[in-house]
Every structure is written in C-alpha cells, then in structure tokens.
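Q: Please take a close look at the disulfides of this chain, covering their pairing, their geometry and their surroundings.

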Amino acid sequence: MSILSLFFAFLLASAAATPAHAAEVGVRTITVFAPERGRDIDVTVWYPAKAGGAPLLTGDNRLFKGAPAHGDAPVAEGRFPLVLLSHGSGSRVEGMSWLATALAEAGFVVAGPNHPGTTSGDSTPAATPRLWERTADLSALIDAFSQDAAWRATIDPARVGVVGFSLGGAAAMEIAGARADLEAYARYCDEYGKWDCAWFAGGRGYVDDKPVAVEKVDLRRLDKARFEQSNRDARVRAVVAVDPGLAQAYAADSLKAIDIPLAFINLGNADAIPEAVIADRLAALVPQASYTAVAEAVHFSFLPECKEGGADLLKSLGEVDPICDDPGSRTRADIHAELKQRIIDALQSSLKGSF
C-alpha cells in the first residue's frame, strides 16, 4: 500500500481532458453522504451510456494517460450490476479509470469513492489502518445507489460486487467478511513491514494538498475492537482483491467463513510478490476463492499507463518509487489487458446475468 508523494497527489487531482476518441461509457461525479464520516464523500461513477455527453479523458494528467468516456452522458436502458472500487493508499479512484471504463463497457455500473484520510493530498498514517471507515464508505454507496431515484432503476441491488487494490483490496476482503487481527498486524510490521509499514513511523502526511507533520502510529494503541470487528455487508455478492494489504493479519476462521466468491490477484512472478500482499495462502482458506498471479508485473503495474517521459519527470521531481517502471518484457498496457479480462470474467461469473 504505497504512499505517493505530494507531487503525485497533484497529478492525480487533474481528472479530465479532451480525448482523441471516446468509448460508449458515461462518467459523472457525485457526492454521497457517509454516516461513518459524518460528511459527504466524492464519488466517480462510470456506466453504460447512450449517445451524448462531453467527450473527456478521466484520470488524465501530466504523468498518466486517461481513459475515454462521455461526461454526464445519458444512462443506457436496463438494470446493471453495481461494482464498487476501492483505491490504494495515497491514490485516487480516478487512477482506476482504465479498469472502470472497461467494466462499464462490459455492462456494469461502476462507482468509487475517494476515501478521506487515505487519498492523495489527504493521507495520514493515523487514518491508514482504519479499514472500518473504508468499508463504511462502500456500504454508504450501496445505500445511495439503492435508494436514489436517479440510480435505483438502473442498478440491480441483488448483484453488487467490490474490486479493491492494495489497501482497497484489504477493504474489499473485509466487506466480504474477513476480519483482521491487530496483534498479528503489529507483529508483522515489527518484523517484516519495511515496505508497507514504514509509513507508520510518521514524519509527513498530507491534508488539503499540503504537507503536514505527523506523529508515529503505534498500531497496538489502535481501537482493537473496531480494527477486529466484522465489516461484512451481506449485499456484496462478489469480491476481487488485487494485491490486498494486511495479507499477514487476517483471522483464519473469518476467511473460512466467507460465503461469496472472492477472486485474489497478485501482481508479479511467484518468487517476487511481497509478503505484504501475497494472497495464495489467503485463497486456500476461502471456500469459494480463486487465485492467480500476473507474470512480469509489480505492485505499481496497477496504476495507469505513464506518458512518454513519465519516469524522467518523476525522477526530476524527487519521486523515488518506480511508478512508471514495469519489469520484464511486458508493457503496462499488456498487463492491464490481462487484468481487465480476469476481473471482468470473475465478476460476470459471480454476479451472473447477461450484459
């Protein structure tokens, strides 16, 4: 669950531009009230569309290529499964546009929030392990789409899925019924978590797109009851977790009790997947789980395709994470094509229905 720089936050904040072409996908931004937060949260929605709307590129900026859609296009007729997206720590849902547009083309209504406290420009160590807030965000979206007159005739509330990446993958697992063990997670961070737990050492976070000094997070002082509670939402009928965070911290009995299909996807060759997100052992415990690994990929391969010169741009601005670098001979576009197909196949199989 990588934490990206403030520069990266500014890049992702630029969400749309005019495309060279447009897909048959509509996109719009809405706000949804999240009771757990006591406030509205920003949500992006992609959906099967009729002709119309302004062509744009969602997620396009100086670093990343955007995905074509039509802003505020009319919604296509029919009732569609609802798929919720949960982004990685320090990222934004707009960075999942490449996947969201493919899902909308396949016949899903897709909605994703920017999770307060773990979104680029609004990201602190203290907010990161509070997964119950992320799952509550997703449940609030199900409430909104099921009750709002503008959407309830379009989505099928009996066919709801969740796709999460990294910290979002942990939220996706938890909304499926996985429960985390606080001591197991703290012990993992003590012994192995230099990659994903370094963020908890404190130093600097981001609030309102500005760097702020933050204190070290002592995981063992978290609210144990809330960290270990069940966040299951029975309305969710299928989950896809890509490189899920907290992989060493889930209670085995909770995984064995998950009663919906859960597709695990890791990014990378088997001998190179970080302990922080390795999911084959998790899949072995979930009764209806599947597991696959995407060869020659890395954690950052889930991010959008970088524009030409992107790696040099990051280097010139002091970004140390290899955001634009994919190992091996595969391009990020090729990796994304495989991921799209695997995720669409998993959701169509689990949520059923013709699209």
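A: Numbered in sequence order, the bonded cysteines of the chain pair as 1-2, 3-4, and the structure holds two disulfides, a disulfide being a pair of cysteine sulfur atoms within 2.5 Å. This is a predicted model, in which local features need pLDDT of at least 70 and side-chain atom pairs count only at pLDDT 80 or more, while totals for chains, interfaces and linings use all residues. Residues are numbered from 1 along each chain as its sequence is written, and side-chain values use heavy atoms, with hydrogens and water left out.

One disulfide is formed by C189 and C197, whose sulfur atoms lie 2.0 Å apart; with -60 degrees about the S-S bond, this link is left-handed. Both C189 and C197 are buried, that is, under 20% relative accessible area with a 1.4 Å probe and protein chains only, where exposed is over 50% and partly exposed is in between.

The other disulfide joins C306 to C324, with an S to S distance of 2.1 Å, and the torsion about its S-S bond is about -90 degrees, so this disulfide is left-handed. The pair links distant parts of the chain, since C306 sits in the loop between strand 15 (289–294) and helix 9, whereas C324, 18 residues apart from C306, sits in the loop between helix 9 and helix 10. Helices (H or I, at least four residues) and strands (E, at least two) are DSSP runs numbered from the N terminus. C306 and C324 are both buried.
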